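Work through the following exercises with the sequence and the model side by side. Each one sets a task and then solves it step by step.

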Amino acid sequence: MIRILLALAALACTLAARGATLPQSSSDRTLGVASCSSSLCHGAVESWKRSNVLQNEYVTWSRRDKHARAYSVLLNERSKDIMKRLGASEPAHTSALCLDCHAHNVPQDRRGERFVLADGVTCEACHGPAGRYVKTHVQRGASRAANVANGLYPTQDSVDRAKLCLSCHFGNSQKFVTHKMMAAGHPRMSFELDTFTQIQPPHFRVDTGDAWDGVRIWAIGQALGSQQILDILNDPRRGRDGLFPELVLFDCHACHHPMADKRNAGARLGVGPGVIRLNDSGLLMVRQIARRVDPQSQVPQHIQRFHRAVAGGSDALAQARSLQHAIGELVPKIGAYRFSERDLNAVLVGLIDDGLNGEYSDYQGAEQAVMALQSVADFMRKRSLIDIRKVGPKLNRLLGLVQYDEKYKPAEFQSALRELKATLAPLDG
């Protein structure tokens with residue numbers, strides 16, 4: 001029975017990898033948040049005790065969720081200044097460049113009478129335009145499969161959810177925060193699926209019989225995020241900026257550090273000095289994931305060949321495609337995998353050892369490592385596999401060390417990693 005369930009999980013991830021249509025690209029009609037906000041629908045002040053659906057999702061979103069205020073950000077002085085620096089001909093709150101992520105920016109002919117663009121990132125921006133499912137999803141006997149067939153986006157699937165979140169929190173071929181936008185003042189983009197899901201105000205219950213597997217969700221998010229970077233690198237429209245490649249794909253602090261602070265990123269990559277390293281913070285995580293999920297995986301070797309090609313080879317884009325394909329083959333295996341206690345310990349120790357070996361010499365790798373360590377440790381805590389009283393303070397110290405990117409000091413981070421490793425039980429064998 002377990003083998004059958006794992007096979008079905010792998011099949012589900014494979015199908016999801018083919019891609020559900022993202023809500024913004026759906027041809028269905030968007031009705032607007034007012035269609036969901038009735039007290040008998042999703043606008044209850046308090047959650048319903050005997051329902052898998054909380055029914056207070058609208059109240060949670062409107063009062064506590066930053067997605068509800070994503071549009072209003074476009075009206076502030078910072079947004080005005082960004083558009084001025086970019087030489088844009090229109091303000092942020094009317095520009096698709098901004099609206100595609102700060103609102104549910106669908107074409108006029110797909111907007112219902114109660115649609116309001118200023119509502120920001122709304123229910124339908126994540127759960128899909130409700131034109132077809134708004135009536136059928138409340139009918140007696142309605143199933144999740146039927147709702148999805150009628151346009152509900154399958155957020156319960158980790159792969160589809162990762163693609164949805166990454167489409168704005170990193171970008172894709174349709175919408176993307178470029179190096180020019182960041183130079184004009186847009187914040188740096190950083191995302192990790194499990195962490196961001198946990199810090200979002202909770203508005204769902206895990207269905208009876210399911211288990212929230214934070215490590216698997218983290219792993220899928222890292223794999224999909226790494227694929228997205230490689231995909232954009234190969235995109236002739238997004239992957240270049242004039243003569244240069246799109247610099248937002250590279251490690252920010254490989255360039256943005258004082259000249260007196262000598263760094264040699266190439267040393268740890270096995271290539272020469274002066275290398276401008278592609279942002280491999282997700283790839284560092286994927287390498288650890290691959291070692292546990294599929295010890296025969298060629299992902300680690302593909303990563304090494306890719307870095308060498310970026311540093312001086314003529315086949316960097318071809319190597320990126322090969323690596324992207326290898327990660328794609330890994331995704332359904334992650335979806336079917338159940339991390340054992342030994343796996344979890346090995347991932348923790350592997351992430352720490354990478355840092356002690358100098359893999360987090362720049363900030364972005366350290367940032368992802370901290371979120372990874374927290375996700376894994378939290379999952380272990382819930383399964384009573386770790387003494388959080390010992391580990392928790394060490395994780396908090398690591399979190400403090402990556403709070404400000406410009407104050408990041410690799411030596412301090414390594415010291416904190418040693419302290420964390422000392423609290424962990426040694427692996428057998």
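The residues of the lining of the largest cavity comprise 12 nonpolar, 11 polar and 4 charged ones, where Ala, Val, Leu, Ile, Met, Phe, Trp, Tyr, Cys and Pro count as nonpolar, Asp, Glu, Lys and Arg as charged, and the others, Gly among them, as polar. The model is a predicted one, in which local features need pLDDT of at least 70 and side-chain atom pairs count only at pLDDT 80 or more, while totals for chains, interfaces and linings use all residues. Residues are numbered from 1 along each chain as its sequence is written, and side-chain values use heavy atoms, with hydrogens and water left out.

**Exercise 1. Describe the largest cavity and the elements that line it.**

Step 1. Begin with the search of the whole structure, which finds 3 cavities of 30 Å³ or more. On a 1 Å grid over the protein atoms alone, a cavity is a set of points where a 1.4 Å probe fits but cannot get out, and lining residues have an atom within 4 Å of a point.

Step 2. Take the volume, which is the space filled by probe spheres set on the grid points, these being joined across faces, edges and corners; for the largest cavity it is about 360 Å³.

Step 3. Locate the lining of the largest cavity, which has 27 residues, with Phe170, Phe191, Ile229, Asn279 and Gln368 lying nearest the centre.

Step 4. Assign the lining to helices, which are DSSP runs (H or I) of at least four residues, numbered from the N terminus. At least two lining residues come from each of α8 (158–169), α11 (214–233), α14 (281–293) and α18 (363–382), and α11 gives the most, with 5 residues.

**Exercise 2. Describe the second largest cavity in the same manner.**

Step 1. The second largest cavity holds about 40 Å³ of space.

Step 2. Its lining is made of Asp194, Gln198, Trp212, Gly214, Ser375, Asp378, Phe379 and Lys382. Two or more of these residues come from each of α10 (193–199) and α18, and α18 has the largest share, with 4 residues.

Step 3. Sorted by character, the lining of the second largest cavity has 2 nonpolar, 3 polar and 3 charged residues.

**Exercise 3. Is Arg216 buried or exposed, and with which residues is Arg216 in contact?**

Step 1. Arg216 is part of helix α11.

Step 2. Arg216 counts as buried because its relative accessibility is 16%, and the cut-offs, set with a 1.4 Å probe and protein chains only, are under 20% relative accessible area for buried and over 50% for exposed, with partly exposed in between.

Step 3. Contact means heavy atoms within 4.5 Å; when neighbours within four places in sequence are left aside, Arg216 is in contact with Ile334, Gly335, Tyr337, Arg338 and Phe339.

Step 4. The Arg216 side chain also makes a polar contact with the side chain of Asp213, at 2.6 Å. Such a contact is a pair of N or O atoms within 3.5 Å, of which, within protein, one must be able to donate a hydrogen and the other to accept it, and residues adjacent in sequence count only if both atoms are side-chain atoms.

**Exercise 4. Trace the nonpolar cores.**

Step 1. A nonpolar core is a set of buried Ala, Val, Leu, Ile, Met, Phe, Trp, Tyr and Cys residues joined through side-chain atoms within 4.5 Å. The largest has 72 residues, and those with the most contacts inside it are Trp218, Leu249, Val299, Tyr360, Leu373, Leu398 and Phe413.

Step 2. Helix α11 supplies the largest share of this core, 11 residues.

Step 3. Another core lies apart from it and has 10 residues, including Tyr71, Leu74, Met83 and Val106.

Step 4. Return to Leu249, which, leaving aside neighbours within four places in sequence, is in contact with Phe170, Phe176, Ile229, Ile232, Leu233, Leu278 and Asn279.

**Exercise 5. Compare the settings of two residues with positive phi.**

Step 1. Most residues other than glycine have a negative phi.

Step 2. Gln55, which is not a glycine, has a positive phi of about 75°, and its place is in the loop between α1 (2–18) and α2 (57–64). With a relative accessible area of 11%, Gln55 is buried.

Step 3. Ser384 likewise has a positive phi, near 55°, and lies in the loop between α18 and α19 (388–401). Ser384 is exposed, with a relative accessible area of 64%.

Terms used
On a 1 Å grid over the protein atoms alone, a cavity is a set of points where a 1.4 Å probe fits but cannot get out, and a pocket is an open set with protein on both sides within 12 Å along at least five of seven lines; lining residues have an atom within 4 Å of a point.
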